[in-house]
Every structure is written in structure tokens, then in C-alpha cells.
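Q: I would like a close look at a single part of this protein, with its surroundings described carefully.

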Amino acid sequence: MNRTTRLLASTLLASGLAAPTLAQDVPASANDDVLKIGLVYTLSGPPAALGVQARDGFLLAAEKFGEIGGMKTEIIVVDDEGKPDLAAEKARELVVRDNVDFVVGPIFSNILMAIVQPVTSTGTVLISTNAGTSTLAGESCNPNFYTTSYQNDQNHEVMGAYAQRQGYGNVFLMAPNYQAGKDSLAGFKNSYTGGTAGEVFTELGQLDFSSELAQIAAFQPDAVFAFMPGGMGVNLVKQYSQAGLSDIPFLSAFTVDETTLPATQDAAVGMLGGANWAPDMDTPANKDFVDAYIGKYGSVPGTYAMQAYDAAQLINSAVAKIGGDLTDRAALHDALHSADFDSPRGDFSFGANNFPVQDFYLVEAVKREDGMYGTSIKEKIFDDYVDNYAAQCKM
């Protein structure tokens, strides 16, 4: 079912309701002074946990601000259902019919590549809070496209650097067969020069990994590196443990995180990953964010929530800086590029390609003192890291 939800964030907050409780079928405002934002996320199917975290992170910030950028704010939430064609259609509706000022999302790179042209060709700003394809970071960089996440390769480069440092010479690589999966293995190999026991691209959405696990058992590699977000990661981690492969180090990105740990729990504890942040990061802004998220939603936030929270902070800071005059596009882009807000992750700025310059970490899955599961920072791997494609951007 195609699902679109509208909510008037500032109106709900002004009335004292616990916004944003999603209010169905609220009519779009005709007031030109309303800031309109469309959220495009995967909110159904096995990967829904990722989109739900992102949506909730953005709406948490909207609740904090009340009026984003000092303007009455309407937020329209769209479920792309993980379907690029549907996502493109919904993105066009947001821009043409709803006249949104910003589109925020999506989770998956194939969805991003489907919506980037319909959104940005109209001059509307698209802010990705997760997907960050190599093409949009490099030769196809776009002045109307920003991301508050990363370039897809980067978290995987963390694990390549770790594998290299550990002296692994024979790593088995796994990822889904789509752009982000290809970027993940490319990123790992950017910082890892050892050998590979195997390199497998699975079907996107695959949930049975018995064939791949049989190969791992046969090859006995020094380590496994996997990128399997959402439900794919849950099944892979459980099946990995059940197959008796726990003696082979399991390295990942977006496979063992706050979206999968509630399901994998102890089966994943001790597994390592690459990330640009973790919930236990020691910054005042992060403590405020994590405490507010757990207090509202009763779960530990992951990077999907944090990066969407920052997208709302980015819009708030930029719109406030230009006094709500969205007709001055040059001023708006200057304000966006300045990234004048406190990110929970600490260091954050935009490079020339509108991708973040930030730090990256080795993280470990842990059981927290509050009994919930999350990731914890072990050490910093890259400092103020610029992605490998930024030099190709001629913007």
C-alpha cells in the first residue's frame, strides 16, 4: 500500500500534543510562509527498521525546534516501499503537487538514484540522510544535493584499514548486488591490499545465506567482511552463529548496528563495524540526542536516526540564517554549506561536493548497562576524512 502521511509539526507542538504523532490526511497549507519538507523513506518490508529510525530521528528534531528555521512547518512522510519507480513518482508529487522546499531521504542508493533527478532538476534541495553513492560524490555531484551521512565507501574503508592492520591476508567479502553493495566492497578494498578468499554479491533482500556460509566454512578465511543492512543483517548474523563460524572474525558495516541488534542480541556482541558515530560518543549534543531518542521511542538510536536528526538541524540552521527567505537560492545554499549546527557526532563540515568531512571509528556491538544493545566506540580510524571522489566534483 502506498502510504503518505502529513503532519503540521509546528501546529501540533503549539497545541501541546506529543508531536509528531503522525496525523493522517491533514490538508496541505496554502500559506506561503509554511516551510514544507518531504521525507522519503522505506517504511515497510524487511528493511523498515532503517527507515523508521531515520523518520523518527528527523521528527525528534522537528519536535525540539517546534518551528524549523522559525517557520510554521509541514512535514509530509512518504513510504517508498523500497521500490525505485514508486519513489520517483512520490518524489515528483512532493515537488510538483505539494511544492515542498526540501526532500529528505532515502535509505537505499537505488532509491536515491531514482529520485535525485526528479527532485533536483526543479531546483528543490535534496538532503540524503543515508545513501551516498560514489557517482554523486564525484563526477555527477549536484549543487542541489547534500548528504548528512557519508560517501558509501567510507565506513567500509574503516574495516579495510582494520583488516590490513590486523595482518589478514585472506578475507571473504559479501554484499548485496546494487550500487551501495558495490561501493562497500570497493571501499573495503581501498584500504585493504591483502587477498580475498571469495567475493560474493547476493540478491538485495536475500534472507537465506546457507550457500554463502557453506563457502566460508570450506574456505576458512582469516575474516569475513559483510555489508547486509536491515533484515538481511539480522538473518546473516544469526545464521553465522548457528553455522559454528564464530571463530572466524566477522567484520561489517550496517550489518551489526542499532537496527539489527534488538533482534540479534548476544549473537552479535563482540562483532566489529565501521561507523561515523556511536551512541556512547562523548559530546554534550550527543547525550542530549540519545537521551531524547530513548526517552521518546524506547530504543537506542542508530546512525540512520542521528543523520536524519542532523538533516533537520541543517535545515533549521540554514532557514533561520536567511530569515526564512527561500527565494534567495544563493543565500540558502551558502547557509546550507556552512553547516552551522552541533552534530551529535562532533566534527562536521561539508566538502566541495556537499558531502561531509568527518571522523570515522571502529565500533563494537555491546550489551549496554541499561540492558539494551548498541554499538560502542573502540578507536578512531580516520580523522576529518574527505571521500575519495571529491576531487572529481567540478561543482
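Which are the buried residues of α6, and what do they pack against?

A: This is a predicted model, in which local features need pLDDT of at least 70 and side-chain atom pairs count only at pLDDT 80 or more, while totals for chains, interfaces and linings use all residues. Residues are numbered from 1 along each chain as its sequence is written, and side-chain values use heavy atoms, with hydrogens and water left out.

Helices (H or I, at least four residues) and strands (E, at least two) are DSSP runs numbered from the N terminus. Helix α6 comprises the 13 residues 154-166, for which 1.5 Å a residue, times one less than the number of residues, gives an expected span of 18 Å, in agreement with the 19 Å between its end C-alpha atoms. Gly167, with a positive phi near 80°, follows α6.

The buried residues of α6 (under 20% relative accessible area, 1.4 Å probe, protein chains only) are Gln154, Asn155, His156, Glu157, Val158, Met159, Gly160, Tyr162 and Ala163. They pack against α7 (179-190) and against the strands β9 (223-226), β10 (250-252), β11 (272-275), β13 (356-367) and β14 (373-385).

Within β9 lies Phe225, which is buried, with a relative accessible area of 0%. Leaving aside residues up to four places away in sequence, Phe225 touches (heavy atoms within 4.5 Å) a set of residues that includes His156 and Met159, together with Leu173, Phe188 and Leu251. Leu173 and Phe225 are 52 residues apart in sequence, yet their C-alpha atoms are 5.0 Å apart in space.

Methods
Buried < 20%, exposed > 50% of the residue type's maximum accessible area, 1.4 Å probe, protein only.
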